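I opened this notebook page to look up one helix and the open space beside it, and I start with a check on length.

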Amino acid sequence: MNNVLENRTWRYATKKFDSTKKVSDNDLEVLLEATRLSASSYGLQPYHVFVITDQKIREQLRPVSWGQSQITDASHLIVFANITDFGEELMDDYVNNVSTTRNIPSEGLKGYGDFMKSKLLDLPADTKSVWTARQAYIAFSNMMQAASELKIDTCPMEGFESEAYNEILGLSEKNLNASVVLAVGYRSDEDETQHYAKVRKSKEELFTII
């Protein structure tokens, strides 16, 4: 089987982690870099990623995560937080970054900056938040798939109370909202779900080629 497919077949939503096994610093850096390199609309990356290693904080997060053991037992807990609202600064910061990275005079990028502003600034606040959360999910997916390449287990998690996360992690005052969580580590031998066949729609059901 092609390695791309093999890794995705190997990956599953790990229900029980081995709390004694930790992801190495080197592998964690690879995961973070893969996430940093992720695509996003306009390249704006309107989110922030929190790597939670503090066990006391994770103990606080577990009750507001439906009591799921992955929150405390995984090697690392990754919280993807989307920017809830934004103004011109989001586009201006990106244009400045492009200017510096590619050694392009900022005035030569003004047209692109104005174009982004014309498409994004007048959106309602709730629409902005939905859009930024979608961008966070793209990065989240990239981290999950990068982990499968390294044979690191993950569990994507939406079963948590965002408002409680925002309070515990102090996200609201940072104009951020916890949108999705990824538990990262190594499966326990006791996790029976690792032996289950992967259930997906058939290709005929899922794809239409026009």
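Entry 1. I am working from a predicted model, and I began with helix H5, whose 15 residues should span 21 Å at 1.5 Å a residue; I found its end C-alpha atoms 21 Å apart, so the expected and computed spans agree.

Entry 2. I then asked which residues of H5 are buried, and noted Leu-90, Met-91, Tyr-94, Val-95, Val-98 and Ser-99. These cover an arc of only 165 degrees around the axis, which means that they sit on the same side of H5. I recalled that an α-helix has 3.6 residues a turn, so residues three or four places apart point the same way. On the other side of H5, I recorded Asp-93 and Thr-100 as exposed.

Entry 3. I looked up what the buried residues of H5 pack against, and listed strand E2 (76–83) and helix H6 (110–120). Just past the helix I noted Asn-103, which follows H5 and has a positive phi, near 55 degrees.

Entry 4. I turned to the largest pocket, which has a volume of about 280 Å³. Where does the largest share of its lining come from? I traced that share, 5 residues, to helix H5 (residues 88–102). Among the lining residues I wrote down Tyr-94, Asn-97, Val-98, Thr-101 and Arg-102, together with Arg-36, Leu-37, Ser-38, Gly-43, Leu-44 and Gln-45. Tyr-94 and Val-98 had already appeared in my list of buried residues of H5, and here they line the largest pocket.

Entry 5. Sorting the lining of the largest pocket by class, I entered 4 nonpolar, 5 polar and 2 charged residues.

Conventions:
Residues numbered from 1 in each chain as written. Predicted model: local features only at pLDDT ≥ 70, side-chain atom pairs only at ≥ 80, totals over all residues. Heavy atoms only, no water. 1 Å grid on protein atoms, 1.4 Å probe; cavity = no way out; pocket = protein on both sides within 12 Å on 5 of 7 lines; lining within 4 Å. Points joined across faces, edges and corners; volume = space filled by probe spheres on them. Helix = DSSP H or I, 4+ residues; strand = E, 2+ residues; numbered from the N terminus. Nonpolar A, V, L, I, M, F, W, Y, C, P; charged D, E, K, R; others polar. Expected span 1.5 Å × (residues − 1). Buried < 20%, exposed > 50% of the residue type's maximum accessible area, 1.4 Å probe, protein only. Arc of directions from axis to C-beta. Contact = heavy atoms within 4.5 Å.
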